[in-house]
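Dear colleague,

Here is the structure I said I would pass on, with my notes on its cavities and on how some of its helices pack. Please look through it first and then read on.

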Amino acid sequence: MILPRIGGSDFITCMVSGKQGKITAEMDEKSLVTLEYFKVLERLAAFADFSASAELARHLRPTSRLDEALDRLAVTSEAARLLSVKSETSVGSALDVRILIERARRSAVLTPQELLDVKSTLIAARDLHRTFEHKQTEYPQLALIAEKLPPPPGLIETISRTISDRAEILDSASPKLASIRAEIKIAHERLMTKLTRLINDPRNAPHLQENIITQRNGRYVVPVRAESRGRIRSIVHDQSSSGATLFVEPLVVVELNNQWHEAQLAERDEERRILTDLTDQVGVFAGVISDLVEALARMDLALMCAKYAVEIQATEPVLVPFRKVGAEKHPGSTITLYHARHPLLDPAAVVPLDILFDEQTYSLVITGPNTGGKTVTLKTVGLFVLMAQSGMHIPAQSGSSLSIFDNVYADIGDEQSIEQSLSTFSGHITNIVRILNRADSHALVLFDELGAGTDPQEGSALARALLAHLVENRITSLVATHYPELKVFAHATPGVVNASMEFDLRTLKPTYNLVIGIPGRSNALAIAERLGLSNDIIQSARGMLDPTDLQAEDLLDEIHNQRTIARKSRGAADRSRFEADQIRKELAQRLEKIEDERQAILEKARALQEKEIEELRLEAESLRKALTRARQPLDALKGVQERVEELRSEVEQPVARRVVQSTAPRKLKLGDKVRLRTLNMDGVVSALGEEEIEVLLGNLRVRARVSDVVRSGQPEPELEGVLPGVKKAAVPAPARTPTPAPFSPSPGVELDLRGQRAEDALEALERYLESAYLAGMPYVRVIHGKGTGRLRQVIREELSRSEFVTRFESGGDSEGGDGVTVAHVAKE
């Protein structure tokens with residue numbers, strides 16, 4: 001990520017490598033303010049553990065280079081993965097000590113507390129570096145940052161040996177200091193002993209104000225009554241505010257006081273020398289420690305981005321370069337956002353948006369009511385581009401993709417300026433002129449209320465001309481407007497698509513849903529009618545409208561009504577399918593219960609048979625022994641014993657469990673893995689017909705009847721006429737060449753569903769679990785990622801209902817944590 005360094009703003013520090021390089025292109029600062037990018041940075045900075053990383057967050061800017069943006073996103077994703085398995089990871093008690101290090105480099109002596117700050121920062125770096133030892137493969141980008149974290153050898157130990165945790169210089173700092181402090185202790189004890197004797201002498205008691213020893217001006221004294229001033233030979237150092245007490249140093253302790261004070265001065269000088277030497281050692285490593293602090297800041301910034309992603313339920317976007325389109329007018333940009341939510345709005349209240357540009361679309365004209373969500377839509381797209389190119393995850397569903405734009409320009413809000421004598425319209429035009437002079441085919445342009453603030457007829461013409469200019473110059477754009485003429489322009493112009501913000505006429509409130517492909521309706525007359533305006537006035541107003549416009553509005557009404565009906569029908573169909581699935585699963589559970597009861601009965605019968613056979617065997621064995629003792633022939637018993645062994649072998653065979661199919665069989669489709677029964681080989685469906693299909697077996701393409709193919713992992717259908725509990729060998733099969741025995745290959749121990757929608761993921765999961773069950777696998781790992789947690793939720797709900805799974809749990813630290821679910825497969 002772009003990080004400022006001490007020593008100038010013309011250079012940046014790459015978050016991954018720390019190398020310096022010139023800024024290739026700066027994003028439009030005014031548009032960053034308009035799109036509230038700096039508010040996002042402030043929220044990001046709130047996750048900082050120390051001031052250096054907070055500073056980096058506030059100076060973070062989007063990059064226009066694809067490789068750098070991908071590196072930034074990779075760092076954030078690695079940090080998110082690290083926190084998922086080791087949530088306590090942080091920069092610890094690190095501080096931004098670069099100013100202290102610079103002072104040390106210039107030979108300014110650091111205080112004990114400042115040296116402790118340096119030490120705590122070095123310890124934080126050392127501990128964080130140890131986190132990434134032997135994890136270069138798992139976290140390659142973070143490990144690259146961690147290469148700068150090892151502290152200078154021996155410096156932590158030197159500071160620890162010199163300064164205590166209470167910022168006091170230890171006796172072990174030097175032998176001389178230890179000797180001086182020993183002298184201080186002895187001198188102090190002698191001084192206290194002498195003064196104690198003096199104040200406890202009965203001859204001095206009448207002259208003392210109090211029987212205590214105190215200090216004045218750094219020397220020990222005793223309080224003497226003012227009237228007894230000459231009774232004790234002494235030197236006066238101070239007197240009380242009332243003048244009744246004098247604080248005097250008896251002459252008999254002056255020399256002892258001098259010795260104690262001189263020892264203290266020697267201690268001060270030795271401590272100063274020790275701090276100077278220690279500061280010089282820190283100064284020698286000034287460059288290393290500065291790089292270490294910056295690496296800590298970059299590491300913390302990565303963790304901050306990951307924590308912020310969790311906060312806003314964000315996922316990693318897919319960044320793609322501009323497509324090569326040849327002679328087409330399309331710029332080659334990509335905007336595909338699923339369930340996009342503005343990061344500054346409450347996630348629980350905001351309505352997710354699907355903003356999808358197909359391969360022919362690069363301009364979107366959004367119409368709809370005021371406060372309907374048009375501006376939020378524009379800001380969401382612009383902000384997502386800025387966040388993604390800054391290395392931040394975006395609050396959208398997995399699989400959302402964006403192009404790397406060279407710049408983002410936005411004209412949103414009131415551009416009125418009293419200081420510059422500009423009206424709202426003039427302010428907008430001034431900003432639009434600035435944008436048009438800078439924007440090219442690799443820029444993203446966002447215009448809100450294009451052409452507003454002036455005469456509607458002229459404003460509409462100007463808006464159409466501006467939009468035509470953007471289209472002609474192949475500039476990716478989103479435009480919000482109220483002008484109906486722009487709807488017609490968007491409908492008739494290749495590359496431009498209409499969109500609208502839904503409005504509920506029953507509640508007279510916007511729904512905030514974005515509908516791409518259908519222009520918005522004019523709801524003024526309908527709203528006025530629902531609010532009680534006279535029908536005569538409504539009809540009079542309708543009569544003043546152009547009949548063509550009325551027909552267009554009626555057609556739009558019909559389109560919206562049909563769309564609503566279709567949406568309700570689809571919802572009803574989805575509910576019916578869900579209910580049918582629930583009934584099917586309920587029936588499957590009942591059949592499973594019946595099968596359990598059948599197995600229990602058979603097991604009980606088998607146990608009884610085993611007991612009877614064992615008794616028969618023991619009886620035969622007893623008879624054999626009796627015949628042996630009587631010297632009688634044993635030939636008659638031999639056949640009985642062999643028959644007993646045969647019966648025991650048959651009884652010991654386990655009771656086969658019938659597989660209960662809980663889901664309806666799915667039709668084959670292209671790409672399905674199948675097995676050709678006639679060849680007993682696995683392949684992939686490459687073409688489908690009414691009665692025949694084409695199967696790709698390695699490099700060989702084979703056409704076969706649908707009846708000769710079975711989906712991989714499914715058992716062979718049993719021969720007709722075979723009854724439960726009866727061996728197949730007991731039923732004569734038709735005279736034909738026998739087919740090979742069923743074969744269930746392993747589908748692999750992992751299933752990666754990241755980036756898939758819930759419906760597709762559940763379908764793939766169902767097929768995979770069935771194959772794993774038939775292959776006899778003990779467990780499987782389902783990779784769904786973290787993201788918003790929605791995919792993980794639906795997958796685990798499905799696992800809890802699946803008859804192929806006995807239990808499931810989150811993956812271990814080395815498996816991906818909550819981004820992976822380990823499911824234990826039921827046994828056949």
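The second largest cavity is lined by Asp-411, Phe-425, His-428, Ile-429, Ile-432, Asp-448, Glu-449, Leu-450, Gly-451, Ala-452, Leu-462 and Leu-466, and please bear in mind throughout that the model is a predicted one. The space in this second largest cavity comes to about 60 Å³, and by class its lining has seven nonpolar, two polar and three charged residues. Helix H13 (424–438) and helix H14 (456–472) each give at least two residues to that lining, with H13 providing the largest share, four residues.

In the structure as a whole there are four cavities of 30 Å³ or more. The largest cavity holds about 140 Å³ of space and has 15 lining residues, among which Gln-397, Ser-398, Thr-788, Arg-790 and Leu-791 lie nearest its centre. What is the make-up of the lining of the largest cavity by class? Its residues divide into two nonpolar, nine polar and four charged, and helix H21 (residues 790–801) accounts for the largest share of them, three residues.

H14, which helps to line the second largest cavity, also packs against helix H15 (residues 484–492), at an angle of about 30° and with the two axes 9 Å apart. Since angles under 35 degrees count as roughly parallel, H14 and H15 are therefore roughly parallel to each other, and their crossing is right-handed. On the H14 side the contact is made by Ser-460, Ala-463, Arg-464, Leu-467 and Ala-468, which meet Glu-485, Leu-486 and Phe-489 in H15. Sorted by class, this contact of H14 with H15 comprises five nonpolar, one polar and two charged residues.

A second helix pair that I looked at is formed by helix H6 (residues 112–131) and helix H10 (residues 254–284), whose axes come within 11 Å and cross at roughly 30°. That angle makes H6 roughly parallel to H10, while the crossing of H6 and H10 is left-handed. Here Pro-112, Leu-115 and Val-118 in H6 meet Leu-275, Leu-278 and Val-282 in H10, and the residues of this contact divide into six nonpolar, no polar and no charged.

With best wishes

Methods:
Residues numbered from 1 in each chain as written. Predicted model: local features only at pLDDT ≥ 70, side-chain atom pairs only at ≥ 80, totals over all residues. Heavy atoms only, no water. 1 Å grid on protein atoms, 1.4 Å probe; cavity = no way out; pocket = protein on both sides within 12 Å on 5 of 7 lines; lining within 4 Å. Points joined across faces, edges and corners; volume = space filled by probe spheres on them. Nonpolar A, V, L, I, M, F, W, Y, C, P; charged D, E, K, R; others polar. Axes fitted to C-alpha atoms, helices over the stretch in contact; angles between N-to-C directions. Parallel < 35°, antiparallel > 145°, perpendicular 65-115°, else oblique. Left-handed = near helix turned anticlockwise from the far one by under 90°. Contact = heavy atoms within 4.5 Å.
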